[in-house]
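Thanks for making time this morning. I would like to walk you through one structure, a piece at a time, so please have the view open in front of you.

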Amino acid sequence: MNQIEAYNLLHQGALALSRAEEAGIRVDVDYLERKIKHLARQMEYYERKFKESKFYSRWEKFQGDEPNPNSTVQLREYLYTELGKKPPKETEKGFGSVDKESLTELNISELNMLLESRKLKKNMDYLLGFQREAIDGWLHPNFNLHLVKTYRSSSDHPNFQNIPKRDKEAMKLTRRALFPRPGHQILEVDYSGLEVRIAACYHKDPTMIKYLKEGFDMHGDMAVQLFKLDKYDSSNANHAYLRAATKNGFVFPQFYGDYFGNCAKYLACDWGKLPSGNFLYSQGVDVEPDRSLAKHLVGKGIRNYKDFTEHVKAIEEDFWGKRFRVYARWKERWWHDYQKKGYVDLYTGFRCRGMMGKNDAINYPIQGAAFHCLLWSLIQLDYFLYTYKWRSRIIGQIHDSIVLDVHPDEFFSLIAHIKKITTEDLPKAWDWIIIPLEVDFEYCEVDAPWSEKKELESTNGV
DNA sequence: TGTTCATGG
DNA sequence: TATCCATGAACA
């Protein structure tokens, strides 16, 4: 594809997204007002309790003034200088970190209070943002195509692309404010594993292609290797958890250019959430014998954190040296080409210029082109809804997913059309897409808020 | 204005 | 060489 096609994609994309902005999403302003008051009371409670503690009075003495728990500088001085604690982690600039991971690791009860109040504040900020941007009970988030260096989109006022989802409590609290039009329902369609599939279009690694075409479970296989399981059992909650940890703590970081040391740290740390124990995070200390995963790994010859790091190192070497060696060779070639040319071209006709590190040069074209798949689909869908005067509307987009406000009469036929556009029409339009694409659907009942979203079990036969 | 933290993909 | 891309709030 060439730069004319790239321009047209952005032009048509801007028009389609402007219609989504105009459509907007309903917001329950009464709920916002109630909940904001409620959160304010909860925050006051935590503040009061925190100030009653000995931990606080010592901080007050040290500070010589009223301490500000929101100041990372004050907090780190107090913890790491006055109290002499050892920072579990450092910031990018080399100071002692006071983020959630570090404060949890320090294991001081007053810090848990502080973390709780940070969480409340964060939730409050989302609701205040909605309240500030609401016009007559409607939000109209902006969707930008001109701000991101990879030619992805961004969103602001309010940002539609970072509303809580993983933390169930925060998810319910924030998305409970957002509604479809009266008598309508929210529908979401998202491309599954889009970036992995688009990456495979670039590097064409046969093993990866096989995983994607045959529907084999790459994360499950890696979990078996990392945790020395006999066989992956998806009905086992521990296995399912380890698979998620593997996906987020090894596979994706490796794709983005991380190395075994960080991966080992993340995986060991993450076991803290597992019933079987958090032993390895206590750095080099031998495992506690009464924890089942610990026992299991000891039985396999991995006795401590150091052993585990070596183990992850070996798996990393196998990952790039054997399993995905064609992918690895592509990365080297691509990086070499960038150093020669000073730019990288996307399959979609865009060019990224400027100073890039190795990870940047490799990841930008994948991230950008993956988003363009979504954008192309959104343009087609918008054109279709607009031309045939459907009552359903696109109301937003989150990198690899589209959010719609749907009239119930149009629900099933709309799903069929979306499936055709996203998984059949797109690969026909762009011949560089050599991997089959898949989409999943989620939906809410009529008049239900976004917090009530559930999976659509099967879209066969619609 | 740059840094840190938290949220999403 | 060592985790990619954003927005937004608060602080210094």
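Let me begin with Arg26, whose bridge partner in β2 is Trp138. I should say at once that this is a predicted model, and everything I describe is computed from that model. The pair I just named belongs to the contact between strand β1, residues 25–27, and β2, which pair in the antiparallel sense over two bridges. These strands are part of an open sheet of three strands in the order β2-β1-β5, with antiparallel pairing. Because β2 (138–139) and β5 (178–179) each have a single partner strand, they stand at the edges, and one side of each is left without a neighbour in the sheet. As general background, strands of a sheet pair through backbone hydrogen bonds, and they can do so either parallel or antiparallel.

Now to strand β10. How many of the six residues of strand β10, residues 401–406, are buried? Six of the six are, so this strand is largely enclosed by the rest of the structure. In a regular strand the side chains alternate between the two faces of the sheet, and that is a helpful thought to keep in mind here. On one side of β10 we find Ser401, Val403 and Asp405, on the other Ile402, Leu404 and Val406, and all of these are buried, so that both faces are covered.

As for the partners of β10, strand β6, residues 185–191, is joined to β10 by six bridges, and the two run antiparallel; within this pairing, Asp190 stands opposite Ser401. Strand β9, residues 393–397, also runs antiparallel to β10, joined by four bridges, and there Gly396 has Val403 as its bridge partner. The hairpin of β9 and β10 has three residues between the strands, and in this hairpin His399 takes a positive phi near 70°.

Just after that hairpin we can turn to the DNA, starting with strand B. DNA strand B is surrounded by 22 residues, of which Thr91, Val98, Lys165, Arg166 and Asp400 are the closest. Of the atoms of DNA strand B that come within 4 Å of the protein, sugar and phosphate account for 83%. Two of the contacts to phosphate oxygens of this strand are made by the backbone: a polar backbone atom of Val98 is 2.7 Å from one phosphate oxygen, and a backbone N or O atom of Arg166 likewise lies 2.7 Å from a phosphate oxygen. Asp400, by contrast, uses its side chain, with a polar atom 2.7 Å from a sugar or linking oxygen of DNA strand B. The largest share of the surface near this strand comes from α6, with three residues, and by class that surface has six nonpolar, seven polar and nine charged residues.

DNA strand C has 29 residues around it, and those that come nearest are Ser71, Arg132, Asp258, Asn262 and Tyr364. Here sugar and phosphate account for 84% of the atoms of DNA strand C that come within 4 Å of the protein. Where does Asn162 come in, in terms of the part of DNA strand C that its side chain approaches? An N or O atom in the side chain of Asn162 is 3.5 Å from a base oxygen, whereas the side chains of Asp258, at 2.6 Å, and Asn262, at 2.3 Å, each have an N or O atom facing a phosphate oxygen of the strand. The elements that give two or more residues to this surface are α4 (72–82), α6 (109–133), β4 (154–156) and α16 (358–387), and α16 gives the most, with five residues. By class, the surface near DNA strand C has six nonpolar, 15 polar and eight charged residues.

Away from the DNA topic, I would point out Arg197, in helix α8, residues 194–203. Is this charged side chain buried or exposed? Arg197 is buried, because its relative accessible area is 8%, which is under 20%. Its side chain reaches the backbone oxygen of Pro436 at 2.7 Å, and residues that Arg197 touches include Ser192, Leu212, Ile435 and Glu438.

Finally, the cysteines. The count of disulfides comes to zero. The sulfur of Cys201 has its closest cysteine sulfur in Cys373, 7.4 Å away, and that is too far for a bond. Cys201 counts as buried, at 1% relative accessibility, and Cys444 is buried too, at 0%.

Note on methods
Residues are numbered from 1 along each chain as its sequence is written. Chains are lettered from A and ligands numbered from 1 in the order in which they are written. This is a predicted model: local features need pLDDT of at least 70, side-chain atom pairs count only at pLDDT 80 or more; totals for chains, interfaces and linings use all residues. Side-chain values use heavy atoms; hydrogens and water are left out. A residue is near a molecule or strand if one of its heavy atoms lies within 4 Å of it. A polar contact is a pair of N or O atoms within 3.5 Å; within protein, one must be able to donate a hydrogen and the other to accept it, and residues adjacent in sequence count only if both atoms are side-chain atoms. Ala, Val, Leu, Ile, Met, Phe, Trp, Tyr, Cys and Pro count as nonpolar, Asp, Glu, Lys and Arg as charged, and the others, Gly among them, as polar. Buried means under 20% relative accessible area, exposed over 50%, partly exposed in between (1.4 Å probe, protein chains only). Contact means heavy atoms within 4.5 Å. Two strands pair if DSSP finds at least two bridges between them. A disulfide is a pair of cysteine sulfur atoms within 2.5 Å. Lists of a residue's contacts leave out its neighbours within four places in sequence.
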